[in-house]
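Student: I am new to this structure. Can we go through it by asking how each label is earned?

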Amino acid sequence: MTQIELVELHKSYPRQEHPAVAGVSLNVEPHTLLALLGPSGSGKSSILKLIAGIEPPDAGDVRLDGQSVRDVPAHRRGAVLMFQKAYLFPFLSVAENIAFGLRVQGARRTTIRAEVTRMLDLVELPGIAAQRPAQLSGGEQQRVALARALVVRPRVLLLDEPFSSLDAAVRQTLQEAVRRIQRELGITTILVTHDRSEAMALADRVALLDRGAVLAADTPRELFLRPPTRRAARLMGVATFLRGEVAGASLQTSLGTFAICAERRRDGPATYAIRPEHLRLCGEPGRNTLPARILAHTFRGEQSEYLLQVGDQTLRARVPASSADGLAGQVFVQLPPAHLFPVCDDASDTDPKGACEYA
Ligand code: ADP
Ligand code: MG
């Protein structure tokens, strides 16, 4: 039942040009899982270290249930960290690895035995208590690491890209296990990842991080479908932006006038964006279409990806497989009004190319 509050956290490392963490404020509600999503070097691991107490912040505060933990040493914070690699003790058995934290706390032998069994059941690995880490697969080692982290009943679970070294099938079952266990125990969790679909699938809320700052924090769905700024949109995989003047239900640009939805619209200069999978390809001009030429086509199974020339720029469209079969050469790309959404222009990311930008 722990709420995590990050208040204006700052952290710079010596001899680094930019701060690793530049004024991060976030709330993680009790029982929920927050994903910190961002590219490599955006400060994700640094934030976890500040919460765990491995590094001190230069400024700002970490509060658990409203209480500052700034002066609480790492081992008393009740926050456990799990990494990409399991870091199990190689010469101890699985049971001894899991028991380690309880031994340090001086727990009774019967308690330890019961808790180890409970943890092995929880991570769905009964019957391997006597094995050594080297006898286990990567996924099993991560399960043991999770059991070892949870056995001390921490207030907060911090996961630093714990699935990234696993192959796709193992990764998915372990992701599902982590989510089930997180819900079962109700433990407040922060998951660090650079994998967008992992963040979407596992988190109650996602905070999008770039250059040490939170660009946006919202539910996975809202952040995916309606990233609020151009930079956030880019990190969420959006690459098509249209700049123009909103007048009523239309966006007037130098490429033509586009119908937009009434939702959240305000007259005046604006930038609209659209996700690549919401673009349509057609053989005839129609509502909200732009003439385009197919430069390349990649079959990706469930979807087909098209590289298109639109004006003097290129644009990637992802359409359901076979929906654009038979199209070649000169086509029309359609931007359905329902999928065009407004984004704020970030001060550091202004549009250098005028009316539209794809890529
Ligand atoms: P992420 O986990 O998102 O990849 P990190 O928090 O590890 O990002 O790093 C953020 C920035 O801080 C990077 O530029 C990284 O090089 C720098 N950094 C991280 N840890 C240290 C350290 N111990 N000493 C110096 N620079 C560091
Ligand atoms: Mg990291």
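Student: Which residues of H2 are buried?
Tutor: This is a predicted model. In H2 the buried residues are Val94, Ala95, Asn97, Ile98, Ala99, Gly101 and Leu102. They pack against H3 and H4.

Student: What comes just after H2?
Tutor: Gly106, with a positive phi of about 80 degrees.

Student: On to H4. How do you know that the length of helix H4 agrees with its number of residues?
Tutor: H4 covers residues 138-150, which is 13 residues. At 1.5 Å a residue, the expected span is 18 Å. The C-alpha atoms at its ends are 18 Å apart, so the two values agree.

Student: What makes H4 mostly covered?
Tutor: Ten of its 13 residues are buried. Among them are Gly139, Gln142, Arg143 and Val144. Leu146, Arg148 and Leu150 are also buried.

Student: Which elements do the buried residues of H4 pack against?
Tutor: Two strands and three helices are involved: strand S6 (79-82), strand S7 (156-160), helix H2 (94-104), helix H3 (109-122) and helix H5 (168-185).

Student: Why is Val178 called buried?
Tutor: Val178 has a relative accessible area of 5%. Buried means under 20%. The value of 5% falls under that cut-off, so Val178 is buried.

Student: Where is Val178, and what does it touch?
Tutor: Val178 sits in helix H5. Setting aside residues up to four places away in sequence, Val178 touches Leu146, Leu159 and Phe163. Leu146 is itself one of the buried residues of H4.

Student: How far apart are Val178 and Arg155?
Tutor: In sequence, 23 residues. In space, 16 Å from C-alpha to C-alpha.

Student: Why is Asp210 called buried?
Tutor: Its relative accessible area is 11%. The cut-off for buried is under 20%. Asp210 meets it, so the label holds. Asp210 belongs to strand S9 (residues 205-210).

Student: What makes the pair Asp210 and Arg231 a polar contact?
Tutor: Their side chains come to 3.2 Å. A polar contact needs N or O atoms within 3.5 Å, one able to donate a hydrogen and the other to accept it. The pair is therefore counted as a polar contact.

Student: Which residues are in contact with Asp210, apart from its neighbours within four places in sequence?
Tutor: Pro39, Ser42, Leu215, Arg231 and Leu235. Pro39 and Ser42 are also among the residues surrounding ligand 1.

Student: Which other residues surround ligand 1?
Tutor: They include Tyr13, Gln16, Ala20, Ser40, Gly41, Gly43, Lys44, Ser45 and Ser46. The shell divides into three nonpolar residues, seven polar and one charged.

Student: How do you know that ligand 1 has polar atoms of the protein beside its oxygen atoms?
Tutor: Take the distances. A backbone N or O atom of Gly41 is 2.7 Å from a ligand oxygen. A polar backbone atom of Ser42 is 3.1 Å from an oxygen of ligand 1. An N or O atom in the side chain of Ser46 is 2.6 Å from one. The protein covers 65% of the 560 Å² of accessible area that ligand 1 has on its own.

Student: Why is Glu8 called partly exposed?
Tutor: Its relative accessible area is 42%. Buried is under 20%, and exposed is over 50%. The value of 42% falls in between, so Glu8 is partly exposed. Glu8 lies in strand S1 (residues 4-11).

Student: What makes the phi of Glu8 worth a remark?
Tutor: Phi of Glu8 is positive, about 45 degrees, although Glu8 is not a glycine. Most residues other than glycine have a negative phi.

Student: What is the phi of Glu161, and where is Glu161 found?
Tutor: Phi of Glu161 is near 45 degrees, also a positive value in a residue other than glycine. Glu161 is in the loop between S7 and H5.

Student: Is Glu161 buried or exposed?
Tutor: Buried. Its relative accessible area is 14%, and the cut-off is under 20%, so the label fits.

Student: How many helices and strands does the protein chain have?
Tutor: Eight helices and 21 strands. Of its 359 residues, 48% are buried.

Methods. Residues are numbered from 1 along each chain as its sequence is written. Chains are lettered from A and ligands numbered from 1 in the order in which they are written. This is a predicted model: local features need pLDDT of at least 70, side-chain atom pairs count only at pLDDT 80 or more; totals for chains, interfaces and linings use all residues. Side-chain values use heavy atoms; hydrogens and water are left out. A residue is near a molecule or strand if one of its heavy atoms lies within 4 Å of it. Accessible areas come from the Shrake-Rupley method with a 1.4 Å probe; for residues, only the protein chains shown count as cover. Ala, Val, Leu, Ile, Met, Phe, Trp, Tyr, Cys and Pro count as nonpolar, Asp, Glu, Lys and Arg as charged, and the others, Gly among them, as polar. Helices (H or I, at least four residues) and strands (E, at least two) are DSSP runs, numbered from the N terminus. The expected span of a helix is 1.5 Å times one less than its number of residues. Buried means under 20% relative accessible area, exposed over 50%, partly exposed in between (1.4 Å probe, protein chains only). Contact means heavy atoms within 4.5 Å.
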